[in-house]
Amino acid sequence: MASVTLESATRRYDAPRRGHAATAVDSLNLTIEDGEFLVLVGPSGCGKSTTLRMVAGLEPVNEGRVLIGGKDVTGVAPKDRDIAMVFQNYALYPNMSVAENMSFALRNAGVSKSAARARVEEVAEMLQLTPYLDRKPSALSGGQRQRVAMGRAIVREPAVFCMDEPLSNLDAALRLSTRAQIADLQRRLKTTTLYVTHDQVEAMTMGDRVCVLRGGVLQQVAAPQELYRRPANAFVAGFIGTPAMNLVRRGDVIVGARPEDLHIRTDGSATPGPRDGRPFSSAFRAEIQHVEDLGSTVHVFVAPVDVQGWELINSEGAATPTQRLTVEAARHSSPQVGDVVVVEANQQALHVFDAETGNRI
């Protein structure tokens, strides 16, 4: 096991059509502690996979450096970094059995056949792959193939695991069970792990800490609940959470309210909207436009009525086309599309950001 540190790590690509280099990762300073499970998350093109590939040695570092276990490996070949990769597409050899796939790296490293087989059998039992050791990948399900890819990495006993969206090819139910298994395995093995995903649910449920990137720039790195409860800026606030935080821009501030912190009144009272124009400063009327009853919870999408000066925005700061808010309603409520209701916010749970910088106030 070992820590991983990126010091002002920068990766640029030539962009001849633009006449300049495009920066994929910009002066990233980040440390993954020894034995930590850290998740990189962000929208497409944010630089998360590039960051992982720089750590693995698959992408060069134009500026800055990468350290593994305190050793500068910036110019070291991937095979000499003691890192095991798990890819999105499994990357299994189709002509080899499960056992042969899992032992391939060991045999190349000069490990004896008997020792390699013993290690493969140990890991196969851990991953519930023992019945499939003699099968070829074509005879396995997607989840089984991903476990084989995991097993191939585990048998090497590397200092660091690098996982690049390993669950994105699985269906929803299989992703749920496999992410729990990966998190459990990492806790048992205590191997430093850098995990890339575009799925914030994976990020929030698997990582010891989560690193949010945007445009190659680090936005915030913190424990999942810290990200959720105290986002560093409006981008993190709008990106982390399902459904997303409601963000309203007015003047020089952005005010955010999570759906569970907005409530539909049931007493029938109504107000004309916030008199001072500040978002969520008092109860306001809204028309129900859509309802999603998920069984365990109800999401109600409402459009404010008679409220002036509000602009609903997304995590990128752009105005939302529908200009509607998301409210989490009571489980046994029965809101109806077209109804005009009164919505109020939990004033103690609001988030306020600077409209120019996006930073938390």
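Here's a quick briefing on a sheet, two nonpolar cores and one buried serine. Keep in mind that this is a predicted model. The sheet is an open one built from 4 strands, and the largest nonpolar core has 44 residues. Ser315, meanwhile, sits in a loop that follows one of the sheet's edge strands, E16.

**The sheet**
- Reading across, the strand order is E16-E11-E12-E19, and the pairing is antiparallel.
- Strand E16 (311-313) and strand E19 (351-354) are the edges, so to speak: each pairs on one side only.
- From one strand to the next, the twist averages 30°.
- In general, strands of a sheet pair through backbone hydrogen bonds.
- Strand E11 (residues 246-250) and strand E12 (residues 253-257) run antiparallel and are joined by 5 bridges.
- Within that pair, Val248 has Val255 in E12 as its bridge partner.

**The nonpolar cores**
- In the largest core, Met102, Met150 and Val212 are the residues with the most contacts inside it.
- Setting aside neighbours within four places in sequence, Met102 touches Val120, Val123, Ala124, Leu129, Leu133, Val148, Gly151, Arg152 and Val155.
- There's also a second, separate core of 28 residues, with Leu6, Leu38, Leu40 and Val55 among them.

**Ser315**
- You'll find Ser315 in the loop between E16 and strand E17 (325-329).
- Ser315 counts as buried because its relative accessible area is 18%, and the cut-off for buried is under 20%.
- Leaving out neighbours within four places in sequence, Ser315 is in contact with Arg214, Ala234, Phe235, Gly238, Phe239 and Leu247.

Key:
Residues are numbered from 1 along each chain as its sequence is written. This is a predicted model: local features need pLDDT of at least 70, side-chain atom pairs count only at pLDDT 80 or more; totals for chains, interfaces and linings use all residues. Side-chain values use heavy atoms; hydrogens and water are left out. Axes are lines fitted to C-alpha atoms, for helices over the stretch in contact, and angles run from 0 to 180 degrees between N-to-C directions. A nonpolar core is a set of buried Ala, Val, Leu, Ile, Met, Phe, Trp, Tyr and Cys residues joined through side-chain atoms within 4.5 Å. Buried means under 20% relative accessible area, exposed over 50%, partly exposed in between (1.4 Å probe, protein chains only). Contact means heavy atoms within 4.5 Å.
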